[in-house]
Each structure stands twice: as C-alpha cells, then as structure tokens.
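Dear colleague,

Please find below the structure that I am handing over to you, followed by an account of what was found in it. I should be grateful if you would read the two side by side.

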Amino acid sequence: MIVLPATPTRTTSARTALRAGDRDRDRTASHLGQALSQGYLDLDEYERRVRAAYVAATRADLDALLADVPVHRLLRDDPSRRAASRAKAELSVRLHLAAYALMVVTVLTVWLAVALCGGTWYFWPVWPILGAGIGVLAHAIPVRLATAGRR
C-alpha cells in the first residue's frame, strides 16, 4: 500500500511542502562545500550534512541544513565570484584602452589630412588625446589597484 503525504494545510508554508529536486540538493551541497572551504564547518560536519542533503525529501529539509550557515556571506566571499569580477574589470579596462587607441588614430588621421590639404599645422589632437587619456587612467588605476590587492 502506498502512503501519500498529507496535503499541506494553510498553516504549512508553501516552501515546506515543496519537494526537493536534484538541482536543489546540488545547490545545497555546493553551499556546504563553500562553508567548509571558508571555515564555517569542519570536515565531519560537512560530510554529515552533505549525506543528509542528498537524501532530503523537501526543500525545508535542505533549508534546515543551511540554517546556521551565512549563505549570503559565502556567496559574497566566493573565490570564483571574485575572480569573475576581477576578469570583468580587467576586460573593461582593455576595451576602454582599445577605444582610446582607435580615437587617437582617428584624430591623428583627421589632423594629418587637414594639415596636408589646408596647410594648417596646429596640433589640435593633443587636447582630445590628453582628455581621453586622463579618462583611461582614471579607469585603469583603480582597477589595477583593486586587482593587485586581491591577488
């Protein structure tokens, strides 16, 4: 005879009644692994909780395994997340530098064309080159200091 679980009542939260899936169990195990690597759990506690996570039937069971673990802090201090953030910042500086180089080539080409055709040799590109160069430095220096401090 198959016994079905009782239907949830109004006093039971919707999350308590939800069944846990493989993705939920994997996510909980991942959070527990991060807690272990960041020193919130010792190895025995980690192993016990991971075993319990993979046999959990409901999301409430999984939530109970993480009740005393600061998940928001784990995610914020996650080394892979910090590495991805650092890579994005470095990429943005490289793109800014490439756009700056393209701008320099463009204004120098325009200046040379005007100088050859019109005979005016005033070197006006110094101003956009200088202004945009300050912008690139203002972008690159903080990113460089932040990424150098994290390594």
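**Surface and overall make-up**

The protein chain has an accessible surface of about 10,700 Å², and carbon and sulfur atoms contribute 65% of that area. Please bear in mind throughout that this is a predicted model.

The chain contains 7 helices and 0 strands, so that, read from the N terminus, its elements follow the order α-α-α-α-α-α-α. Of its 151 residues, 23% are buried. Among contacts with a separation of 6 or more, 67% are between residues 24 or more positions apart.

**The nonpolar patch**

Leu108, Tyr122, Phe123, Val126, Trp127, Leu130 and Ile134 together make a nonpolar surface patch of about 690 Å². Helix 7, which spans residues 126-150, supplies the largest share of this patch, with 4 residues. One of the patch residues, Val126, is found in helix 7. Val126 has a relative accessible area of 33% and is therefore classed as partly exposed. Patch residues must have over 30% relative accessible area, and Val126, at 33%, satisfies that cut-off.

**Packing of helix 2 against helix 3**

Two packed helices are described by the angle between their axes and the distance between the axes. For helix 2 and helix 3 (residues 43-55), the axes come within 9 Å and cross at roughly 175°. Angles over 145 degrees count as roughly antiparallel, and helix 2 and helix 3 are therefore roughly antiparallel to each other. On the helix 2 side, the contact is made by Arg25, Asp26, Thr28, Ala29, Leu32, Gly33 and Leu36. Helix 3 contributes Leu43, Tyr46, Arg49, Val50, Ala53 and Tyr54.

**Two buried residues of helix 2**

Thr28 belongs to helix 2, which covers residues 22-37. Its relative accessible area is 6%, and Thr28 is therefore buried. Which residues does Thr28 touch, not counting those up to four places away in sequence? They are Ala53, Leu62 and Leu66. Ala53 also appears among the helix 3 residues that make the contact with helix 2. As for Leu62, this residue is 34 residues from Thr28 along the chain, while the C-alpha atoms of the two are separated by 6.6 Å.

His31 also lies in helix 2. With a relative accessible area of 12%, His31 is buried. When neighbours within four places in sequence are left aside, His31 is in contact with Leu66, Val71, Leu74 and Leu75. Leu66 is thus in contact with His31 and is touched by Thr28.

**Salt bridges**

A search of the whole structure finds 7 salt bridges. Those described individually here involve residues of helix 2, and I take them in turn.

Asp22 and Arg25 form a salt bridge in which the closest N and O atoms are 3.3 Å apart. The two residues are 3 residues apart in helix 2, which means that about one helical turn separates them. Asp22 is exposed, at a relative accessible area of 58%, whereas Arg25 is buried, at 12%. Arg25 is also one of the helix 2 residues in the contact with helix 3.

Asp24 takes part in two salt bridges, one with Arg27 and one with Arg59. In the pair with Arg27, the N to O distance is 3.3 Å. Arg27 and Asp24 both lie in helix 2, 3 residues apart, about one turn of the helix. Asp24 counts as buried, at 11% relative accessibility, while Arg27 is partly exposed, with a relative accessible area of 42%.

In the pair with Arg59, the side chains meet at 3.2 Å, N to O. Because Arg59 lies in helix 4 (residues 59-65) and Asp24 in helix 2, this salt bridge ties together parts that are 35 residues apart in sequence. Arg59 is partly exposed, with a relative accessible area of 25%.

Elsewhere, salt bridges that share partners join Glu45, Arg48, Arg49 and Asp68 into one network. Arg49 of this network is also among the helix 3 residues that make the contact with helix 2.

Yours sincerely

Technical notes. Residues numbered from 1 in each chain as written. Predicted model: local features only at pLDDT ≥ 70, side-chain atom pairs only at ≥ 80, totals over all residues. Heavy atoms only, no water. Buried < 20%, exposed > 50% of the residue type's maximum accessible area, 1.4 Å probe, protein only. Contact = heavy atoms within 4.5 Å. Areas by Shrake-Rupley, 256 points an atom, 1.4 Å probe, with all protein chains shown as cover. Patch = residues over 30% accessible without salt bridge, like charges linked within 9 Å, V, L, I, M, F, W, Y side chains within 5 Å. Salt bridge = Lys/Arg side-chain N within 4 Å of Asp/Glu carboxyl O. Axes fitted to C-alpha atoms, helices over the stretch in contact; angles between N-to-C directions. Parallel < 35°, antiparallel > 145°, perpendicular 65-115°, else oblique.
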